[in-house]
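Let's take a walk through this one together, a stretch at a time. Keep the 3D view open and follow along as we go.

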Amino acid sequence: MSTTLVTNIGSLVTNDPAQGAGTGPLGLIRNAAVVMEGERVAWVGEAAAAPAADTSYDARGRAAIPGFVDSHSHLVFAGDRTEEFNARMSGRAYSAGGIRTTVAATRAASDEALEANLTHYLREALRQGTTTFETKSGYGLTTHDEARALRIASAHTDEVTYLGAHIVSPDYADDPAAYVELVTGDMLDACAPHARWIDVFCEKGAFDGDQARAVLTAGRAKGLHPRIHANQLSYGPGVQLAAELDAASADHCTHLTDADVDALANSRTVATLLPGAEFSTRAAWPDARRLIDAGATVALSTDCNPGSSFTSSMPFCIALAVRDMGMTPDEALWSATAGGAAALRRTDVGRVTPGARADLALLDAPSHVHLAYRPGVPLVSEVWHRGRRTTGHAG
């Protein structure tokens with residue numbers, strides 16, 4: 001395999017604490033270089049010590065970071081909810097019911113339209129530095145539509161999540177128990193071959209704790225690992241259930257008791273925070289500081305979806321987390337890269353270390369701190385994905 005040297009990097013975030021003495025979890029190296037061999041990182045260190053490579057690329061003093069790992073998105077959908085957003089910004093409160101609008105549009109869309117929409121947003125995310133993403137079903141809510149959403153998504157990423165339990169299907173509005181039976185029965189059978197994860201929206205207006213437990217345990221019996229939408233709109237059992245079932249992540253975590261925080265801090269479950277949702281719904285911000293100080297692992301993700309967080313920008317979420325959630329710029333970047341990898345139980349992404357996948361974003365800035373320091377500015381100027389400089393899409 002050919003090798004590529006990216007050199008003259010002003011500052012390189014590796015997320016390897018063994019690198020860059022005194023720079024903490026980011027493992028920051030000044031005047032750095034990276035050697036990529038095929039799709040993997042072969043070497044990192046100071047540019048002056050870099051080995052020879054087949055080709056070289058001059059980073060011209062720019063900062064470099066690992067590609068972002070977006071561990072929570074909803075990208076297989078059709079339709080638009082501009083009117084809902086406009087009304088909400090004019091004073092109407094957000095509730096889970098808006099999902100039904102997207103369900104109707106998604107059911108009516110062709111496979112080709114759904115895939116075209118998905119790849120559009122993947123390219124958009126890649127331009128902003130996202131090289132790994134998770135995405136969910138949840139806008140079909142029939143066996144056929146959930147399975148086809150997962151089939152479409154699985155052509156673009158290994159991190160595919162079955163979310164038949166997004167809300168109770170409108171077709172079962174008068175019999176939620178029958179819908180849970182479908183989600184844990186025939187629908188699960190059809191969807192499991194296309195997914196790695198199973199998720200449930202555990203919330204008032206969606207699924208209660210007992211229903212969420214039934215969904216996640218059924219999925220686990222089929223080989224799908226749990227993750228959960230937990231404690232977004234109110235206090236509830238979601239976080240405790242996540243810790244009990246060893247879910248990879250509890251996502252949102254906006255309303256937490258001390259016991260919830262302790263459960264996250266004393267488990268492998270990652271608290272995935274989604275500030276785009278709070279921005280778009282004018283809701284209370286998650287308290288990242290409280291979680292980090294307690295020892296919980298925190299990830300940041302976009303929650304990109306057409307209703308409550310229609311952004312694909314991880315840099316935007318970093319800026320929000322620093323401004324409104326008590327995170328430092330270093331913590332926010334770690335959570336958007338290594339934290340996202342932890343939420344997917346991956347060790348090959350979210351870091352720039354030998355053996356990791358060669359995913360790298362170059363910033364038109366001297367430091368990663370500029371992601372929060374210059375909010376809204378498109379600082380990602382080059383993206384290396386699987387060892388290639390690319391304008392394709394993440395995966």
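Two strands count as paired if DSSP finds at least two bridges between them. Keep that in mind, and remember too that you're looking at a predicted model.

Start with strand S12, residues 228-230, and strand S13, residues 249-252. These two run parallel and are joined by three bridges. If you'd like a spot to zoom in on, find Ile228: its bridge partner in S13 is Ala250. Now trace the chain from one strand to the other. Along with S12 and S13, helix H8 (residues 238-244) makes up a right-handed β-α-β unit. Right-handed here means that, with the strands pointing away from you, the path from the first strand over the helix to the second runs clockwise.

Keep going from S13 and you'll meet strand S14, residues 270-273. S13 and S14 also pair in the parallel sense, over three bridges. This time the residue to click on is Ser249, which stands opposite Val270 in S14. Here the helix to look for is H9, residues 258-265, and together S13, H9 and S14 form a right-handed β-α-β unit. So S13 has a part in both units: one with S12 and H8, and one with H9 and S14.

Next, the cysteines. How many disulfides does a search of the whole structure find? Zero. Take Cys304, which is in no disulfide: the nearest cysteine sulfur belongs to Cys317, and it is 9.1 Å away. Why is there no bond for Cys317? Because its closest cysteine sulfur, in Cys304, sits 9.1 Å off, too far for a bond, while a disulfide needs the two sulfurs within 2.5 Å. As for where these residues sit, Cys304 counts as buried because its relative accessibility is 2%, and Cys317 is buried too, with a relative accessible area of 0%.

Finally, have a look at a couple of backbone oddities. Most residues other than glycine have a negative phi. Arg60, though not a glycine, has a positive phi of about 55°. You'll find Arg60 in the loop between strand S4 (55-58) and strand S5 (63-66). Buried or exposed? Arg60 counts as exposed, because its relative accessibility is 56% and the cut-off for exposed is over 50%.

Arg282 is the other one to check: it has a positive phi of about 55° and isn't a glycine either. Its loop lies between helix H10 (275-281) and helix H11 (288-294). With a relative accessible area of 59%, Arg282 is exposed.

Key: Residues numbered from 1 in each chain as written. Predicted model: local features only at pLDDT ≥ 70, side-chain atom pairs only at ≥ 80, totals over all residues. Heavy atoms only, no water. Helix = DSSP H or I, 4+ residues; strand = E, 2+ residues; numbered from the N terminus. Buried < 20%, exposed > 50% of the residue type's maximum accessible area, 1.4 Å probe, protein only.
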